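Student: I have a structure on my screen and would like to go through the reasoning behind its labels. Could you take me through it?

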Amino acid sequence: MQHKMVLTMKQRVFIVECYGKHNSWKGYAELFAQEFQTGRVLAESPVNAAMQNLLAKWRETGSVANKNRNYPERVRTPENIARV
């Protein structure tokens with residue numbers, strides 16, 4: 001079972017900048033491993049699909065940050081408590 005790699009903001013920016021400089025994903029795994037000292041290149045570098053999704057997010061929104069999810073505020077009122 002694979003675990004999902006959660007990228008820091010610094011790692012996300014590095015990936016987009018790396019693609020911008022080289023206009024290619026070739027060798028990004030090695031650069032990523034060198035920059036963030038992850039050890040094994042292929043095992044601990046983000047997969048190509050994740051890179052493409054990150055780049056698509058950056059092109060669409062101009063940001064590599066995750067969407068801010070606006071959930072309705074939960075309020076404990078007597079009416080809500082009675083409904084449960």
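Tutor: Gladly! Read along the sequence, the protein chain follows the pattern α-α-α-α-α. This is a predicted model, and its secondary structure comes to 5 helices and 0 strands.

Student: How do helix 1 and helix 2 pack, in terms of angle and distance?

Tutor: Two packed helices are described by the angle between their axes and the distance between the axes. For helix 1 (residues 9-22) and helix 2, the angle is about 140° and the axes lie 11 Å apart.

Student: What makes helix 1 and helix 2 oblique to each other?

Tutor: Set the angle of about 140° against the cut-offs: roughly antiparallel needs over 145 degrees, and roughly perpendicular runs from 65 to 115. The angle falls in neither range, so helix 1 and helix 2 are oblique to each other. Helix 1 passes helix 2 in a right-handed crossing. On the helix 1 side, the contact is made by K10, Q11, F14, I15, C18 and H22; on the helix 2 side, by Y28, L31, F32, E35 and F36.

Student: Q11 is in that list. Why is Q11 called buried?

Tutor: Buried means under 20% relative accessible area. Q11, which sits in helix 1, has a value of 11%, so Q11 is buried. Leaving out residues up to four places away in sequence, Q11 touches V6, F32 and F36.

Student: Which residues of helix 2 are buried?

Tutor: In helix 2 (residues 28-36), these are Y28, A29, F32, A33 and F36.

Student: How do you know that they are on the same side of helix 2?

Tutor: From the arc: they cover only 135° around the axis, which puts them on the same side of helix 2. Just after helix 2 comes Q37, with a positive phi, near 45°.

Student: And K67, why is that residue called exposed?

Tutor: Exposed means over 50% relative accessible area. K67 has 73%, so K67 is exposed. Look for K67 in the loop between helix 4 (48-61) and helix 5 (78-83). K67 and K57 are 10 residues apart along the chain, and their C-alpha atoms are separated by 9.8 Å.

Student: How much of the whole chain counts as buried?

Tutor: Of the 84 residues, 25% count as buried. The accessible surface of the chain comes to about 7,300 Å², and 52% of that belongs to carbon and sulfur atoms. As for contacts between residues at least 6 apart in sequence, 46% join residues at least 24 apart.

How values were computed: Residues numbered from 1 in each chain as written. Predicted model: local features only at pLDDT ≥ 70, side-chain atom pairs only at ≥ 80, totals over all residues. Heavy atoms only, no water. Buried < 20%, exposed > 50% of the residue type's maximum accessible area, 1.4 Å probe, protein only. Helix = DSSP H or I, 4+ residues; strand = E, 2+ residues; numbered from the N terminus. Arc of directions from axis to C-beta. Contact = heavy atoms within 4.5 Å. Areas by Shrake-Rupley, 256 points an atom, 1.4 Å probe, with all protein chains shown as cover. Axes fitted to C-alpha atoms, helices over the stretch in contact; angles between N-to-C directions. Parallel < 35°, antiparallel > 145°, perpendicular 65-115°, else oblique. Left-handed = near helix turned anticlockwise from the far one by under 90°.
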